[in-house]
Amino acid sequence: MPVIEWSEALQLGDAATDANHVEFCALLNAVADAPDAEFIAALVGEPGARAEKVVGDALRAAVRGALRSIASIKTSLSPEEQKNYTMAVVNSGLIVSKSANDRSASVPVALMAQASMTEVGRNLAASGISSLSLTDVLKEVAANSVSYLGNLKVSDDQLVDSVAAIAAGLSSGASNENTVNTISKTVANAVSGQLPSLGLEAERLTNAVKLISAKIVEGLSGTSLSAQVLTDAKAGLSEG
């Protein structure tokens, strides 16, 4: 079943942007509809490649293209429209993440969620919105993504891992030397605040909060942030 049904109602009136969105929808739908034997080929066009890498690359490319299209015409979209399109991209990425996990045990939903969320964070940060607006958008994206993931009926273990991956991806993608403390705390609090709605047991809930901070630090460690900035960010998360 298609993830997104393209229609005239989704057109923005910019030919290049609309064409990009059509391509984005086609990629997502090809992933969702592909038989198991054709799953990897549907993503990358060539069978036999290493699943963990090629699936992540394909999803990152799709998310990146869609969000750059939104950013390129942001002057003609209201803040609410930008937010709605961003959430549509995020939700679609999570659907494909779960689809990847369902088709192949070697493609964890958490890995896919982090790949797409890193691209979401990176492109939101590059879109030209102010830091204050960026934290507001990231807060909503983080909270809504966790809620949406909970609706996809993944196991509790997958859910906890994927929630932490969402936080890690958004934080590492959107942060720079000057914003990392604010963004990492904002994302951690937004994601953690959504956890009680997922129906996790008390012990698992406590472990999930710890894992979120650990995964954010791990994700930030893979960026170009300086050692001192990383130390300060880790300390800030511990205080939060």
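**Exercise 1. Classify Asp 156 in this predicted model by its accessibility, then find its contacts that are distant in sequence.**

Solution. Start with the area: Asp 156 has a relative accessibility of 35%. Buried means under 20% and exposed over 50%, so Asp 156 counts as partly exposed. Next, place the residue in the fold: Asp 156 belongs to helix α7. Now set aside the neighbours within four places in sequence; Asp 156 is then in contact with Leu 200 and Arg 204. Finally, check one of these pairs by its backbone: Asp 156 and Arg 204 are 48 residues apart along the chain, and their C-alpha atoms are separated by 8.6 Å.

**Exercise 2. Is Ser 162 buried or exposed, and which residues does it contact?**

Solution. We stay in helix α7, which covers residues 156-174 and holds Ser 162. The relative accessibility of Ser 162 is 0%. Because the cut-off for buried is under 20%, Ser 162 counts as buried. Its contacts, leaving aside neighbours within four places in sequence, are Val 109, Ala 110, Ala 113 and Leu 149.

**Exercise 3. Work out the same points for Thr 135.**

Solution. First locate Thr 135: it sits in helix α6, residues 131-150. With a relative accessibility of 12%, Thr 135 counts as buried. Then look for partners, not counting residues up to four places away in sequence: Thr 135 touches Thr 182, Ile 183 and Thr 186.

**Exercise 4. Describe how helices α8 and α10 meet.**

Solution. Begin with the geometry. Helix α8 spans residues 180-194 and helix α10 spans residues 227-239; their axes come within 9 Å and cross at roughly 35°. The crossing of α8 past α10 is right-handed. Then list who takes part: α8 contributes Val 180, Asn 181, Ser 184, Lys 185 and Ala 188, while α10 contributes Val 229, Asp 232, Ala 233, Gly 236, Leu 237 and Glu 239. Last, sort the residues of this contact by class, which gives five nonpolar, three polar and three charged.

**Exercise 5. Characterise the second largest pocket: what is its volume, and which residues line it?**

Solution. The volume comes to about 170 Å³. For the lining, read off Ile 4, Trp 6, Leu 10, His 21, Phe 24, Cys 25, Ala 66, Asn 84, Tyr 85, Ala 88, Val 89 and Ser 92. Next, assign the lining to helices: α1 (15-33) and α4 (79-103) each supply at least two residues, and α4 gives the most, with five. Sorting the lining by class leaves nine nonpolar residues, three polar and no charged.

Now pick one lining residue, Val 89. Val 89 lies in helix α4 and is buried, with a relative accessible area of 5%. Cys 25 is also part of the lining. The C-alpha atoms of Val 89 and Cys 25 are separated by 9.5 Å, with their positions 64 residues apart along the chain.

**Exercise 6. Step back to the whole chain: how many helices and strands does it have, and what share of its residues is buried?**

Solution. Count the elements: there are ten helices and zero strands. Along the sequence the pattern therefore reads α-α-α-α-α-α-α-α-α-α, with helices and strands taken from DSSP runs. Of the 240 residues, 47% count as buried. To finish, consider contacts with a separation of 6 or more: residues 24 or more positions apart account for 71% of them.

Methods: Residues are numbered from 1 along each chain as its sequence is written. This is a predicted model: local features need pLDDT of at least 70, side-chain atom pairs count only at pLDDT 80 or more; totals for chains, interfaces and linings use all residues. Side-chain values use heavy atoms; hydrogens and water are left out. On a 1 Å grid over the protein atoms alone, a cavity is a set of points where a 1.4 Å probe fits but cannot get out, and a pocket is an open set with protein on both sides within 12 Å along at least five of seven lines; lining residues have an atom within 4 Å of a point. Grid points are joined across faces, edges and corners, and a volume is the space filled by probe spheres set on the points. Helices (H or I, at least four residues) and strands (E, at least two) are DSSP runs, numbered from the N terminus. Ala, Val, Leu, Ile, Met, Phe, Trp, Tyr, Cys and Pro count as nonpolar, Asp, Glu, Lys and Arg as charged, and the others, Gly among them, as polar. Axes are lines fitted to C-alpha atoms, for helices over the stretch in contact, and angles run from 0 to 180 degrees between N-to-C directions. A crossing is left-handed if the near helix is turned anticlockwise from the far one by less than a right angle, and right-handed if clockwise. Contact means heavy atoms within 4.5 Å. Buried means under 20% relative accessible area, exposed over 50%, partly exposed in between (1.4 Å probe, protein chains only).
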